[in-house]
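Me: I would like to go through some labels applied to this structure and check each against its definition. Start with burial.

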Amino acid sequence: MLISWLPCAALVALLCVSMASSGAAAPVPEEPSKLLATLKPSHPRLLVSSSTWEQLQARRRQDAALDAFLKRGEVEARALLDAPPVVYKKEGRRLLSVSRTVLRRVVLLSWHARLTGDRALVERAQTEMLAVAAFADWNPSHFLDVAEMTAALALGYDWLYHDLDVGARQTIQTAIIEKGLRAGLAHPGWMKTRNNWNSVCHAGMVLGALAVAENEPVLAAQTLQNAKDFNHFGLEPYAPDGVYPEGASYWNYGTSFQVLLLAALESALGTDWGLSQSPGFLPSAGVLEQIKGPTGTYFNFFDSGEKSGLEATFFWFARKLNQPALLEPQRSHLAAYTAQTKPPAADSQSNRLLPLAALWWPASTPRSAPQTAAAPLGWMGRGENPLATFRERWDDPNAMFLALKGGRASLNHGHMDAGSFVFESDGVRWARDLGMQDYNSLESKGIGLWDSKQNGGRWSVFRLNNFSHNTLSINNQLHQAAGQAQITHFSDARDAGAIVDLTPVFAGQASRVTRGFAFRGGSHVLIRDEIEGLKAGDTVRWAMLTKANIEVSADGTEAVLGQDGQKLRVLLQAPEGAKFEVISADPPRDFDAPNPDSRFLVASFTAPASGKLSWSVRLQRADGNAGEPLTQVELKNWPLAAAQ
């Protein structure tokens, strides 16, 4: 039904006045009343209905896993009862840790207040929200802070709407409007970004707008129009195959808020405007499993971490796609979570949206699923940061696994890691990635961390430039930050392998650079590099980071890696004089993070007068079939012929 509190003409007029006073560049909704025409009139309306908790109580009596999950959440909520509310304390330029703590607390407390009917939980949630409502601002100069804080108060306000004290409800509502929504219009720089900021910030603003829409219909309509017009920019990077360019950690972050946005629109308006059907978005959950090795850790390219964990987001995808197999990897994480006996620290920021998993709980407890038998052993994902993975088997923690990438460093949270790879076998990640460095540790020392131009400060950081990755470097020079490396060949058949064209990454340093990978499950991975257009005397470094102990043969053509009782042979076939050596992974500057227990296996090559170099490196399972000797082959036959 149409909203009755303002006629359309008045809404348009007030909207124009609002825009003029705010100075924001947001568009005027053509028909603002239509945006709110289907708004659910009562609270709660964000993600849930008034019957949600009663239904969950009935379900938990029939589902032991759900019951254990809810009990564990209640323990965490009650552990917050005696914790003091947060205070305004920035870390560097960010208030984000405070916002995230508040989001976790308010979601837990409000959720379990409704589930249990315990007034003490309501009052503690109210205290937390009033504390941050009293802040002078939510740090709009770093708008993620505002977005997460607005999401927190919107959910608490909506879920506890009928339980909050009248004065408290008004205070929280005003804070959402003034410190959240109006701040969003006054600081619009995030609205068209093509990264996680878009999803997180639009989600926070949409939740805030839907929570207070009946009180501020003009502002709510304008905020929703912004999301409708501009959220697609944040969804474009998922295309075409679901590879999120920023890596697994930022997929978890950005996508969890994108799901919040979509679910809130569905529950409050009955539509997500078709945003969930954006190319690559729905397949993206499956990509996370493709880039996870048998050890259970992710290929942590860019500013991503290795660890996987229990995530409510996967429950939404499994239900949306009717693919319960997506939850199979969550099974062990769920068991570990419910088995914990102590709650996290009161200021924890982790799993702040985890209670929402109960909303999308599967019809039966996640169990080992037939996904492992059906999923391909070789996979390639196209996009701005293309990836390929190969594995020996899905159901064996000791199976061989290779993941590799193209891409460009200038992408959001990028590293100079085009051509890099990780490799596992026998339960060990032999070739690995150092991952990100804490942002504030660099910003506080004046490092231009977010300047990703060719000579930007970002590339002075060891963990972010090419010298710390499993790739090539020519004459100790940086990669070209804007150079886009593509995967030009992929096969998941008997001759499984891939080729990455690294030529744009080395523009001005060489005329052609290609890296090929051949994967032979149970035996070896072969990596072949071919370079043309070098100057005589140019040096090229091949590198692989590992935590393993390394012993190099006397002639330098073989290295034996040892870790966790397992061994890996690494064999080099290269121009005469080239040999392996071991160098430290200690960073060169005092602002770089230390890298304990890590080292590089490297080989250096000197260009002849022809300017051409080629070599091959074999990562050979200690008990694997040695196969044929390494041979030089034409690139057009690579990597198929070379790996026979």
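Me: What makes residues of α13 count as buried, and which are they?
Reply: Buried means under 20% relative accessible area, with exposed over 50% and partly exposed in between (1.4 Å probe, protein chains only). In α13 (312-321), the residues that meet this are Ala312, Thr313, Phe314, Phe315, Trp316, Phe317 and Ala318. That makes 7 of the 10 residues of α13, so this helix is largely enclosed by the rest of the structure. The model is predicted: local features need pLDDT of at least 70, side-chain atom pairs count only at pLDDT 80 or more, and totals for chains, interfaces and linings use all residues. Residues are numbered from 1 along each chain as its sequence is written, and side-chain values use heavy atoms, with hydrogens and water left out.

Me: What covers the buried residues of α13?
Reply: The cover includes α11, α12 (284-290) and α14, where contact means heavy atoms within 4.5 Å. Just after α13, Asn322 takes a positive phi of about 55°.

Me: What makes the largest pocket a pocket, and what is its volume?
Reply: On a 1 Å grid over the protein atoms alone, a pocket is an open set of points with protein on both sides within 12 Å along at least five of seven lines. Its volume is about 1,500 Å³, taken as the space filled by probe spheres set on the points, which are joined across faces, edges and corners.

Me: Which residues line the largest pocket closest to its centre?
Reply: Lining residues have an atom within 4 Å of a point. Of the 49 that line this pocket, Arg100, Ser249, Tyr250, Tyr253 and Arg352 are the closest to the centre. The largest share of the lining, 6 residues, comes from α11.

Me: Why are β6 and β15 called edge strands?
Reply: Strands are DSSP runs of E, at least two residues, and helices are runs of H or I, at least four, numbered from the N terminus. Two strands pair if DSSP finds at least two bridges between them. The open sheet of 4 strands has the order β6-β11-β16-β15, with antiparallel pairing. β6 (472-474) and β15 (580-584) each have a single partner strand, so one side of each is left without a neighbour in the sheet.

Me: How do you know that β15 pairs with β16?
Reply: 5 bridges join β15 to β16 (residues 599-606), against a requirement of at least two. The bridge partner of Ser584 in β16 is Arg599.

Methods:
1 Å grid on protein atoms, 1.4 Å probe; cavity = no way out; pocket = protein on both sides within 12 Å on 5 of 7 lines; lining within 4 Å.
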